[in-house]
Protein chains: 4
Amino acid sequence: MEKRRVGVIGATGIVGQQFIVALQGHPWFETSCLAASEKSAGKSYSEALRDEKTGALRWYCEEEPDEEVLEMKVENSSGVDASRLDVVFSAVEAEIAVNLEPKFAKQKPVVSTASTFRYEPDVPILIPGVNCDHAKIIENQRKRRGWRGFVTPIPNCTATGLVISLKPLQENFGLRQVIMTSMQSVSGAGRSPGVLSLDIVDNVIPYIPKEEEKVQSETLKILGKYQGGRIENADLKVSCTCTRVNVKDGHTEAVFASTEKNCSVEEAKDAFRNFKGDISNLDLPSAPEKMIVVREDPFRPQPRLDRDIYDGMATVVGRIRKDNVLENGIKYVLVSHNTKMGAARGAVLLAEYLAKAGYA
Amino acid sequence: MEKRRVGVIGATGIVGQQFIVALQGHPWFETSCLAASEKSAGKSYSEALRDEKTGALRWYCEEEPDEEVLEMKVENSSGVDASRLDVVFSAVEAEIAVNLEPKFAKQKPVVSTASTFRYEPDVPILIPGVNCDHAKIIENQRKRRGWRGFVTPIPNCTATGLVISLKPLQENFGLRQVIMTSMQSVSGAGRSPGVLSLDIVDNVIPYIPKEEEKVQSETLKILGKYQGGRIENADLKVSCTCTRVNVKDGHTEAVFASTEKNCSVEEAKDAFRNFKGDISNLDLPSAPEKMIVVREDPFRPQPRLDRDIYDGMATVVGRIRKDNVLENGIKYVLVSHNTKMGAARGAVLLAEYLAKAGYA
Amino acid sequence: MEKRRVGVIGATGIVGQQFIVALQGHPWFETSCLAASEKSAGKSYSEALRDEKTGALRWYCEEEPDEEVLEMKVENSSGVDASRLDVVFSAVEAEIAVNLEPKFAKQKPVVSTASTFRYEPDVPILIPGVNCDHAKIIENQRKRRGWRGFVTPIPNCTATGLVISLKPLQENFGLRQVIMTSMQSVSGAGRSPGVLSLDIVDNVIPYIPKEEEKVQSETLKILGKYQGGRIENADLKVSCTCTRVNVKDGHTEAVFASTEKNCSVEEAKDAFRNFKGDISNLDLPSAPEKMIVVREDPFRPQPRLDRDIYDGMATVVGRIRKDNVLENGIKYVLVSHNTKMGAARGAVLLAEYLAKAGYA
Amino acid sequence: MEKRRVGVIGATGIVGQQFIVALQGHPWFETSCLAASEKSAGKSYSEALRDEKTGALRWYCEEEPDEEVLEMKVENSSGVDASRLDVVFSAVEAEIAVNLEPKFAKQKPVVSTASTFRYEPDVPILIPGVNCDHAKIIENQRKRRGWRGFVTPIPNCTATGLVISLKPLQENFGLRQVIMTSMQSVSGAGRSPGVLSLDIVDNVIPYIPKEEEKVQSETLKILGKYQGGRIENADLKVSCTCTRVNVKDGHTEAVFASTEKNCSVEEAKDAFRNFKGDISNLDLPSAPEKMIVVREDPFRPQPRLDRDIYDGMATVVGRIRKDNVLENGIKYVLVSHNTKMGAARGAVLLAEYLAKAGYA
């Protein structure tokens, strides 16, 4: 099979860099276009990554970029001709995505980490393993907008792990209420301006603008039902408090949930452990061996020890206990890698699904 | 007025050191006895603080100890004669307190940071400002046990801030349910063995043994009612998840509460702001100017910026919002200084109350 | 005495904020002008501090700003009329200072934290206590440039502690060689762009652009001699490596020095302890009780424990040992508060000296 | 080839755990004995790792232990019969090693991370790649002590990276003087008592007991010459200051060196890059592809980004500049993984060399 040609828009940013890494050596995809703002256009990728003042290579992934990627020429995002690509990965900020993504979507599938289109009724927020059937709405999107391509955003990185852990509870016991407090890593904030060390050293920051609203509404949509040509929000209440802690990667979330049918701790563990997700038979290259890993050690999951399991694509759950406040209450802690499953690698996994399912 | 003579038992430990600092220059109390384990007995306090291997002074407070305290001779805890003291401060571990505290309580008031006696029916867990009337049960304790003195423990440091913030909600609107996730500082774990940097750097630890049970049951007891010679637990449900984060001092807690009567965000803020507590007219030297400080900046409270307000004796509350999951739900974030109001200084404040009220 | 009216240029930045705090309640100075870039001009100081996106107050000092300062109107730096001020404090970036400071200096004394004019032959780099006599060159500066006022920059914050500790060695034993490795705090990098938590968590950054060159050349100049109307660099070799570590405030420096006359460890300690500096009789309000504090505990100085001694105005020295590599080698570790003595408070101390000595 | 049977003494400690990981799947060695103190003896390895109080698995490596290792029975170190093993890895504290290692060495080769025997004249401190020829003194050791086996300790983890980086300078230009300041990670301190988060958060600790003496004397010995049946220290002066910073793994060292023959920055880089070491043709399984990696980016090496190169077995060098204080001065910064090349994996590499060379 010939590899699909993919482009990364916003390639110099921190999420863009994660796309580069997620695509290196990919069996199905070949990075054939890097694009960024006008400032970077015309430079080689390595030049574009250099800090002007200091000359340092501003590279934020643990994995090194390949030499040939460093030598690719960066294009101006607004000038990219999507017709020569098979898939466009968009890693730009929401304000940029609003104009740029529709331009590409006229011609080709756009898989995006931006929040811009997530809340449109004809746009699915897809997590492979959780709600692949929502992809059906892509046809409506195409028709309604007259696009040959489409836009499929991935969720906010904090919603990702939460929704994955809630899905088996919903399937097995029904879900009514979710209360969640997150302890999010600093890499989620990106690089510009990012979280200053000055702010977070010896500290917790109890607020992340717009984060709670995103998590709340995305959870309802992703756990909702596709029927009659539309996605109906799940009949569920979600409330959360999102905080930032001094951790580099990996979001930790303390979840309290109320299910319709009572479930014991063991039943909940079984539901987590047995959760296969709706991509288990598709052999997608980036899919984790298990969607959810259950820890028995009460001191786990910990972000530093658990974030990288299955290449950062698993949701790791532990401390599963009954909660006595909510009706049929169950509580647990999860760790999810915000810049892997929660960002570029998650988007690549989605593109793999879309390709396999014939959308892209 | 002559100063009361006080003793600090467990004086070389981290909580003991905090007692030393809390008592330096105290207008009512004079430290006239330092006691620790046999290993330290007979040494000067400064000698007892030295690491045997390295010779370093193992001193853990920001404030320096006075010269004269450093020169005091440390006694063996088990040999201390309480009759020459007016108040005994106990900073020992729970396993030690079980034998030691009753010995002192036979003669004198013991104010303790240990959990040992907290759950006995004739022992109040006192927070001045919140439940001073529970002190009435001291008489029962004395009679029942045949002691001239008594034991009054302060709560677990994570319960302290939670209960202080819940009290005005309970008083004004009635309280039904509380869900709380804590992000606790490393100083709460003490020094032996304490939290290793190895464990907490770039990490969150999602479990603190026994902490959740303590917070849950102590909250019910402190918010309960003294009547008919006993303390009745509050009719309330509490569930929490306690985690450790990379912060030196100050516990952060994300609280979701359900009240009986609905309250708006502004009403909740007013309740917090107007909370005077039951010690507001007593002129206790360690009492904060305000029990609760309300922050309007959505990025506050932060432990590093808010823990030291009013010498670490205030509970700082912010991010007050409605919660849509719980009935009449309200949610907020608080910061409380775990080694000040939550430990030695809180115990000194309690001793001040007991002195003023004629118990000690 | 009527208070001198002072202005703070660059008042919204992190160093500017430190000036606000350093000047609150000052017995000699009154903040009567706050200026910043055009973007902030016309707003109240509190409005100007707010993050546009999030509405948060971007305030970076532990001390809170006074209400009346928060309500002052911010002026456009380029439009400030210095004639109504007695002293101008400049906290702007070097690129801005190059045009702005001369404008003010035409009329009034400018005390600056910017590096722009430090290397001009007619500009002294002054540390009160170390080289007050260099202030004499101010007359040359005025004449040569035709200014009524003048510019006196303080040194780079890493040079400050180093030079203060070297001065008594130079005075007592003569100095030949200095090798220094710094472990600098993140607050030294300011706020824009500052050090990202992403970069420094679980990390050391071994390079700070231009820092080593600054420290090396400023040390030579400050320890040099004023004679014949010019400042002659000290006859000394200095080499350093400057790194950034995960500490909020306080630079730690490991120094290896070679003196002309051999000195024992005890003689070096005595030299540090007895160092009074050339401002000891001037009763300057911001002067520390001691310029240098010597620690005997081998585990000190530590930035978190030692940076705030004497309000962050002392240099704390410890681990004084002989070095066997350099001739007459002596080695030690120092801690100096980079945003207090090393920045705004140091500049205020300098203004106090200039006022007392009749320059301002 | 049949695998050699190896035993790990002190297997439950942090270095012991690193041995377990370093030996998992090793092509030449098979872990056939785990030993620890009496307290652990008789338990399975996983039981022995559990915290008594909390039940948590105290496992400190990122890599998980194999199931079969977790089920191995732990023996009492003092009762181990070395005759059934081919190599003994000793990970015990120096005070324990003094009695234990000779017992094993009577029969078999002991490769140790303890410092106990490092300074004995008939004991080599070996770094494969640097001073394999020092292994010749093993014969003297055997004869003199009447042992069939022998003891070969690896160096202190801070000396390891320093010596590896100095070796090519010594070979190419001759070495005279070395001044070094280390910024060491917290994992170097082990687990008992280890570095408390309480101590290191927002801090630098400027002292590590005995560390500087070890680094200084070991550097001289390892860079020395084997001749006439003894190891002569290198004719070199070394002085250092060792500090602890808030980094989990990886020691950073700022080095200033004086060479006999002047070398330019490019010549020094070439010397580092071309350094093959004396094991380059031996195909040892744990040997890094390159002993030294040179970074051109001035912001590198950084411990978090560079410690894991070649599985933590390389020394990463950057910021190579001329130094103007020392004669023919050259300065640079290095990062070396203290718990990989600097501890267990380095010891395994040494055992590989000893096996290949016929000693073990």
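Let me begin with a definition: helices (H or I, at least four residues) and strands (E, at least two) are DSSP runs, numbered from the N terminus. What I am showing is a predicted model, in which local features need pLDDT of at least 70 and side-chain atom pairs count only at pLDDT 80 or more, while totals for chains, interfaces and linings use all residues. Residues are numbered from 1 along each chain as its sequence is written, and chains are lettered from A and ligands numbered from 1 in the order in which they are written.

I will start with chain A as a whole. Its secondary structure comes to 11 helices and 14 strands, and its C-alpha trace spans about 60 × 50 × 35 Å along the principal axes. The radius of gyration, taken over C-alpha atoms and set against a globule rule of 2.2 Å times the number of residues to the power 0.38, is 20 Å for chain A, which agrees with the value near 21 Å that a compact globule of 360 residues would have. Of those 360 residues, 63% are buried, where buried means that 20 or more other C-beta atoms lie within 10 Å of the residue's own, exposed means 12 or fewer, and partly exposed is in between, with C-beta atoms placed from the backbone. If we take two residues to be in contact when their C-beta atoms, placed from the backbone, lie within 7 Å, then 75% of the contacts in chain A with a separation of 6 or more are between residues 24 or more positions apart.

One residue of chain A that I would like to single out is E260(A), in the loop between β11 (251–259) and α9 (265–273). E260(A) is partly exposed, with 13 other C-beta atoms within 10 Å. Leaving aside residues up to four places away in sequence, E260(A) touches F173(A), G174(A) and R176(A). From E260(A) to E327(A) there are 67 residues in sequence, and 8.2 Å in space, C-alpha to C-alpha.

Now to the backbone geometry. The peptide bond from R300(A) to P301(A) is cis, with omega near 5°, and P301(A) lies in the loop between β12 (292–294) and α10 (303–306) of chain A. In chain C, R300(C) and P301(C) are joined by a cis peptide bond with omega about 5°, and P301(C) is in the loop between β12 (292–294) and α10 (303–306) of that chain.

Which residues other than glycine have a positive phi? D311(B), with phi near 55°, is one of them; it sits in the loop between α10 (303–306) and β13 (315–323) of chain B, and with 15 C-beta neighbours inside 10 Å it counts as partly exposed. D202(C), with phi near 55°, is in the loop between α7 (197–200) and α8 (211–222) of chain C, and D202(C) is buried, having 23 other C-beta atoms within 10 Å.

Finally, the pairing of chains C and A. Here 18 residues of chain C are in contact with 18 residues of chain A, and the side of chain C that touches chain A has 9 nonpolar, 5 polar and 4 charged residues, with Ala, Val, Leu, Ile, Met, Phe, Trp, Tyr, Cys and Pro counted as nonpolar, Asp, Glu, Lys and Arg as charged, and the others, Gly among them, as polar. Superposed by least squares on the C-alpha atoms of residues with pLDDT of at least 70 in both copies, chain C can be laid on chain A with an RMSD of 0.0 Å by a turn of 180° and a shift of 0.0 Å along the axis. That is the relation of a two-fold axis, and the same surface serves both copies, since 100% of the contact residues of chain C recur in chain A.
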